[in-house]
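Morning, everyone. Please have a look at the fold on the screen, and then I will walk you through it.

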Amino acid sequence: IPSILLVGTGNSALPRILHDAFDTPVRVTCLDYSPVCVEMIRSMYADLCPNMDFVLGDATRLKETLNSDKYDVIVDKGLLDALMCGEGFDSDLEKLMAGIDDVLTRREWGMSILVCFQLSKSNREFLIELADCGTSHNPNLFWDFDIPVQGSEKGRATFNLARRCALDEKNRIVNVEHMITDWK
């Protein structure tokens, strides 16, 4: 079944919304480093959502935390903002993005969704650099930033999407017409 990983879930209602949003079953994995939050969402959703898993762990160590499981979609709603509040956040951000690359499916439909405060130009460039997108060496993710979402015109949050790039036998990006390249 399709799988969704929420990193830094906290006590959000988003896991339940995603669990119930589809006509077919999806596996939703909720990850947080706070035992209190993990236990809270487990008590809220475990009986109601049979395909929901609850994981206590560090989002900057995804591969180790998740035993190399692969996910079709990874959602970060606020974790990046929290990481960027600390000193030396670039190291944590590098670890988070490397982990996302490790656990996001290698299939070309793999998506990483980032809901956060508006990113500065330098932070966007940093995410693109971390994704190695557009290079012939190791293109992994293709980013679209500030995607308009109906009803959020006056809000401060932005919706950003990174998709897996399809590669040919020479590791060149191919078949990118399914990717969104111009939202404006």
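Let me start with one residue: is Asp 146 buried or exposed? Asp 146 is buried, with a relative accessible area of 15%. Buried here means under 20% relative accessible area, exposed means over 50%, and partly exposed is in between, using a 1.4 Å probe and protein chains only. We will come back to Asp 146 at the end.

Some ground rules. This is a predicted model, where local features need pLDDT of at least 70, side-chain atom pairs count only at pLDDT 80 or more, and totals for chains, interfaces and linings use all residues. Residues are numbered from 1 along each chain as its sequence is written, and side-chain values use heavy atoms, with hydrogens and water left out.

Now the overview. The chain holds six helices and nine strands. These are DSSP runs, numbered from the N terminus: H or I over at least four residues for helices, E over at least two for strands. Of the 184 residues in the chain, 43% are buried. Take contacts between residues at least 6 apart in sequence: 65% of them join residues at least 24 apart. Contact means heavy atoms within 4.5 Å.

Next, the sheet. What is the order of its strands? The sheet is open, has seven strands, and reads β3-β2-β1-β4-β5-β7-β6, with mixed pairing. Two strands pair if DSSP finds at least two bridges between them. The edges are β3 and β6 (141-147), and each of these pairs on one side only. On average, neighbouring strands are turned by 15° against each other, direction ignored. Axes are lines fitted to C-alpha atoms, for helices over the stretch in contact, and angles run from 0 to 180 degrees between N-to-C directions.

Go to β2, residues 27-32. Why do we call β2 largely enclosed by the rest of the structure? Because five of its six residues are buried. β2 runs parallel to β1 (residues 3-7), and five bridges join the two. In that pairing, Ile 4 stands opposite Val 28. Between β1 and β2 the chain passes through helix α1 (residues 14-20), in a right-handed β-α-β crossover. Right-handed means this: with the strands pointing away from the viewer, the path from the first strand over the helix to the second runs clockwise.

On to β3, residues 52-56. β2 and β3 are parallel too, over five bridges. Here Cys 30 has Phe 54 as its bridge partner. Helix α2 (residues 35-45) completes a right-handed β-α-β unit with β2 and β3.

Stay on Cys 30. Cys 30 counts as buried, at 1% relative accessibility. How many disulfides are in the whole structure? Zero. For Cys 30, the nearest cysteine sulfur belongs to Cys 49, 8.3 Å away. A disulfide needs a pair of cysteine sulfur atoms within 2.5 Å.

Now the packing. Helix α5 (residues 89-103) lies across β1, β4 (73-77), β5 (111-117), β6 and β7 (157-164), and runs at about 155° to β4. Helix α6 (residues 121-131) also packs on the sheet, touching β5 and β6, with its direction at about 160° to that of β6.

What about the cores? A nonpolar core is a set of buried Ala, Val, Leu, Ile, Met, Phe, Trp, Tyr and Cys residues joined through side-chain atoms within 4.5 Å. The largest has 28 residues, and Leu 5, Val 7, Leu 62, Ile 74, Leu 127 and Trp 143 touch the most other members. Which element gives the most to this core? Helix α5, with five residues. Val 7 touches, among others, Leu 31, Leu 62 and Leu 79, not counting residues up to four places away in sequence. Apart from this core lies another, of 18 residues, including Leu 18 and Cys 30.

One polar residue in α6 deserves a stop: Asn 123. Asn 123 counts as buried, at 14% relative accessibility. It touches Met 84 and Phe 89, again leaving out residues up to four places away in sequence.

Last, back to the edge. Six of the seven residues of β6 are buried. β6 pairs with β7 in the antiparallel sense, over five bridges. One of the bridge pairs is Asp 144 with Leu 161. Asp 146 is in β6 too. Most residues other than glycine have a negative phi. Asp 146 is not a glycine, yet its phi is positive, about 55°.
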